[in-house]
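Subject: Structure handover

Hello,

Here is the structure I promised to pass on. Please open it first, then read my notes beside it.

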Amino acid sequence: MVFVIQVNGTVQSVDVDDDTPLLWVLRDVLGMTGTKFGCGMALCGACTVHIDGVASRSCVTTIDSIGRSQITTIEAIGATASGAKIQKAWLDREVVQCGYCQSGQIMSASALLASNPHPTDSDIDEAMSGNICRCGTYIRIREAIKQAARGG
Ligand code: FES
Ligand code: FES
């Protein structure tokens, strides 16, 4: 079936099965490989995108549930105010190690900052708890979110 979806401000038509995960559509149909596959079961956060501004696991979001929602991916997050601050702080704090989890981390962090510009430590812990980093960059992630919340 053909679905018309809005990704990063662009209307896209994709011809896929109803139950195709959004992650597959982004990566395999639209060629947007910044969003990563980790577990496929909503357990790791590697596949996080924004759906109407809310951090969402694209591996368990089927294409038939998207409707008119606005999807934002790591490819365009730098064009948002919170995303730009988060990306700068990530670079300043040298957060990234292997990098595999980091698209998802940045998407969760930018959604947090957009909805809560001055998060407490517990707000950060709660918002980021679903994003796993096997390299253990959690301390730098927290420092970077705090830097971004201070305005960069
Ligand atoms: S790949 Fe989606 S949460 Fe792990
Ligand atoms: S930076 Fe390697 S998994 Fe997070």
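**Helix against helix**

The crossing of α3 and α4 is right-handed. Keep in mind that this is a predicted model. Helix α3 covers residues 102-115, and helix α4 covers residues 121-128. Their axes lie 9 Å apart, at an angle of about 135 degrees. That angle makes α3 oblique to α4.

Which residues meet here? On the α3 side, look for Ser108, Ala109 and Leu112. On the α4 side, look for Ile124, Ala127 and Met128. By class, five residues of this contact are nonpolar and one is polar. None is charged.

Now turn to α3 and α5. These two helices pack at an angle of about 35 degrees, with axes 11 Å apart. This crossing is right-handed too. From α3 come Gln105, Ala109, Leu112 and Leu113. From α5 come Ile141, Ile145, Ala148 and Ala149. The contact of α3 with α5 has seven nonpolar residues, one polar residue and no charged ones. Ala109 and Leu112 appear in the contact with α4 and in the contact with α5.

Helix α2 also packs on α5. Helix α2 is residues 81-92, and helix α5 is residues 138-149. The angle between them is about 130 degrees, and their axes are 8 Å apart. α2 and α5 are therefore oblique to each other. α2 passes α5 in a right-handed crossing. Lys85, Ile86, Ala89, Trp90 and Asp92 are the residues on the α2 side. They meet Ala144, Gln147 and Ala148 of α5. How do these residues divide by class? Five are nonpolar, one is polar and two are charged. Ala148 of α5 takes part here and in the contact with α3.

**The sheet**

Next, find the strands. Five of them form an open sheet. The order across the sheet is β2-β1-β5-β3-β4, and the pairing is mixed. Which strands stand at the edges? They are β2 (10-15) and β4 (54-57). Each has a single partner strand, so one side of each is left without a neighbour in the sheet. Neighbouring strands are turned by 40 degrees against each other on average, direction ignored.

Walk across the sheet in that order:

- β2 and β1: strand β1 is residues 2-7, and the two strands pair antiparallel over six bridges. Val4 stands opposite Ser13 in β2. The two strands form a hairpin with two residues between them. Asn8 in the turn has a positive phi of about 55 degrees.
- β1 and β5: these strands run parallel and are joined by two bridges. Gln6 stands opposite Gln70 in β5.
- β5 and β3: strand β5 is residues 70-72, and strand β3 is residues 48-51. Two bridges join them, and they run antiparallel. His50 stands opposite Thr72 in β5.
- β3 and β4: four bridges join these strands, which run antiparallel. Ile51 stands opposite Val54 in β4. They form a hairpin with two residues between them. Asp52 in this turn has a positive phi of about 50 degrees.

**Where the two domains meet**

The chain is divided into domain 1 (2-72) and domain 2 (77-149). How far apart do the C-alpha centres of domain 1 and domain 2 lie? The distance is 20 Å. Domain 1 gives 14 residues to the contact, and domain 2 gives twelve residues.

Look at the side of domain 1 that touches domain 2. β3 and β4 each supply at least two of its residues. The largest share, three residues, comes from β3. By class, this side has six nonpolar, seven polar and one charged residues.

One more thing ties the helices to the sheet. The five strands form an open sheet with β3 and β4 at one end of its order. α3 packs on the sheet and touches β3 and β4. The direction of α3 makes about 35 degrees with that of β3.

If you have time, start with α3. Find its contact with α4, then its contact with α5, then the strands it touches.

Best wishes

Definitions and conventions
Residues numbered from 1 in each chain as written. Chains lettered and ligands numbered in written order. Predicted model: local features only at pLDDT ≥ 70, side-chain atom pairs only at ≥ 80, totals over all residues. Axes fitted to C-alpha atoms, helices over the stretch in contact; angles between N-to-C directions. Parallel < 35°, antiparallel > 145°, perpendicular 65-115°, else oblique. Left-handed = near helix turned anticlockwise from the far one by under 90°. Contact = placed C-beta atoms within 7 Å. Nonpolar A, V, L, I, M, F, W, Y, C, P; charged D, E, K, R; others polar. Pairing = 2+ DSSP bridges. Domains from an automatic or database assignment.
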